[in-house]
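Visitor: I'd like to walk through this model and hear the reasoning behind each label. Could you show it to me?

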Amino acid sequence: MRIGVLALQGAFIEHEKMLSRLGVDSFEIRQLKDLSQPMDGLIIPGGESTVQGKLLLELGMMGPLRDMISSGLPVFGTCAGLILLAKDIEGGEAPHLAAMDITAKRNAYGRQLGSFSFSGEFRGLGIIPMTFIRAPYISRSNGAEILAEVNGKAVAARQKNMLVTAFHPELTGDTSVHSYFLDMAQSSEKFPAAV
């Protein structure tokens, strides 16, 4: 199994380390030609969603990635990745993939001082640690299955080949959410290079 990690900005190295701990090969996606490599799944890390969205547009990657995801490429977005994958964004639209039937509320818990850790129920995994940093939450779902909530706010969801979390599982020692995504990728058909 081989997972591509979007490495334009944000916490991509932490995802690579988590995949390595699980014995999974990964490679960084930094430019359009990197999408030509075969992959079993894609991770979009946390960071600055506006910056990542602009870079995806400038580098000519937005359309091809959107096509790959709509064609079934398993994708896992954390924090900024959730915002990039959401169809709608409260608090300002920016360039994004608009693939998942959710609405994301940006910086929903406040700025950096609104960062916190929590242990909560994730459907199918039990209680797991959750680290939130300037996190969004899902304010509306139109077809996506909600997998976790914190204080009544949806913070994880799945729809078909897409998984999102408002928190950062790559910043904890717990590999269960990454394993959940790898199970999704394993059960889908091999995804060929797109470009």
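Guide: What follows is a set of questions about the labels used for this structure.

Guide: One thing up front: this is a predicted model. Go ahead and ask.

Visitor: Let's begin with aromatic rings. What makes Phe116 and Phe132 an aromatic pair that is stacked?

Guide: There are 4 aromatic pairs in the structure. For Phe116 and Phe132, the ring centres are 4.6 Å apart and the planes make an angle of 10°. Rings pair if their centres lie within 6.5 Å, and planes under 30 degrees apart count as stacked, so both conditions are met.

Visitor: Why do you say this pair ties together parts that are apart in sequence?

Guide: Phe116 sits in strand S7 (residues 116–122) and Phe132 in strand S8 (residues 126–132), so the rings tie together parts 16 residues apart in sequence.

Visitor: How do you know whether Phe132 and Phe116 are buried or partly exposed?

Guide: Buried means under 20% relative accessible area, and Phe132 has 1%, so Phe132 counts as buried. Phe116 comes in at 25%, between the 20% and 50% limits, so Phe116 is partly exposed. Ring pairs also link Phe116, Phe132 and Phe167 into a cluster.

Visitor: Why is the pair of Phe122 and Tyr180 called edge-to-face?

Guide: Their centres are 5.6 Å apart, with 75° between the planes. Edge-to-face calls for over 60 degrees, so the label fits. Phe122 belongs to strand S7 and Tyr180 to helix H5, so this pair ties together parts 58 residues apart in sequence. Both Phe122 and Tyr180 are buried.

Visitor: Which residues touch the most other members of the largest nonpolar core?

Guide: Phe122, Val155, Leu163 and Phe167 do, out of 61 residues in that core. Helix H5 (residues 176–187) supplies the largest share, 6 residues. As a general point, nonpolar side chains tend to be buried together in soluble globular proteins.

Visitor: On to charges. What makes Arg2 and Asp25 a salt bridge?

Guide: The N to O distance is 3.1 Å. The limit is 4 Å between a Lys or Arg side-chain nitrogen and an Asp or Glu carboxyl oxygen, so this pair qualifies. Arg2 is in strand S1 (residues 2–6) and Asp25 in strand S2 (residues 25–29), 23 residues apart. By the same rule, the count comes to 7 salt bridges.

Visitor: Why is Asp25 called partly exposed?

Guide: Asp25 has 42% relative accessibility, which lies between 20% and 50%, so partly exposed is the right term. Arg2, at 25%, counts as partly exposed too.

Visitor: How do you know that Arg134 forms a salt bridge with Glu48?

Guide: Their closest N and O atoms are 2.9 Å apart, and the cut-off is 4 Å. So the pair counts as a salt bridge. The two are 86 residues apart: Arg134 is in the loop between S8 and strand S9 (137–141), and Glu48 in the loop between strand S3 (41–44) and helix H2 (49–58). Arg134 has a relative accessible area of 24% and Glu48 has 32%, and each is partly exposed.

Visitor: Where do Asp101 and Lys87 lie?

Guide: Asp101 is in strand S6 (residues 100–105) and Lys87 in strand S5 (residues 86–90), 14 residues apart. Their closest N and O atoms are 2.6 Å apart, and they form a salt bridge.

Visitor: What makes S5 and S6 a strand pair?

Guide: Pairing takes at least two bridges, and S5 and S6 have 4, so they pair; they run parallel. Ala86 stands opposite Met100 in S6. S6 also pairs with S9 over 4 bridges, in the antiparallel sense, and Lys105 has Tyr137 in S9 as its bridge partner.

Visitor: Last one: why do you say the buried residues of H1 line one face of the helix?

Guide: The buried residues of helix H1 (residues 12–21) are Phe12, His15, Glu16, Met18 and Leu19. Looking down the axis of H1, they fall within an arc of 160°, so they line one face. They pack against S1, S2, S3, strand S4 (75–78) and H5. The face turned away from the buried side carries the exposed residues Lys17, Ser20 and Arg21. Just after H1, Gly23 takes a positive phi of about 75°.

Notes:
Residues are numbered from 1 along each chain as its sequence is written. This is a predicted model: local features need pLDDT of at least 70, side-chain atom pairs count only at pLDDT 80 or more; totals for chains, interfaces and linings use all residues. Side-chain values use heavy atoms; hydrogens and water are left out. A nonpolar core is a set of buried Ala, Val, Leu, Ile, Met, Phe, Trp, Tyr and Cys residues joined through side-chain atoms within 4.5 Å. Buried means under 20% relative accessible area, exposed over 50%, partly exposed in between (1.4 Å probe, protein chains only). Rings of Phe, Tyr and Trp (its six-membered ring) pair if their centres lie within 6.5 Å; planes under 30 degrees apart count as stacked, over 60 as edge-to-face and the rest as tilted. The arc is that of the directions from the helix axis to the C-beta atoms. Contact means heavy atoms within 4.5 Å.
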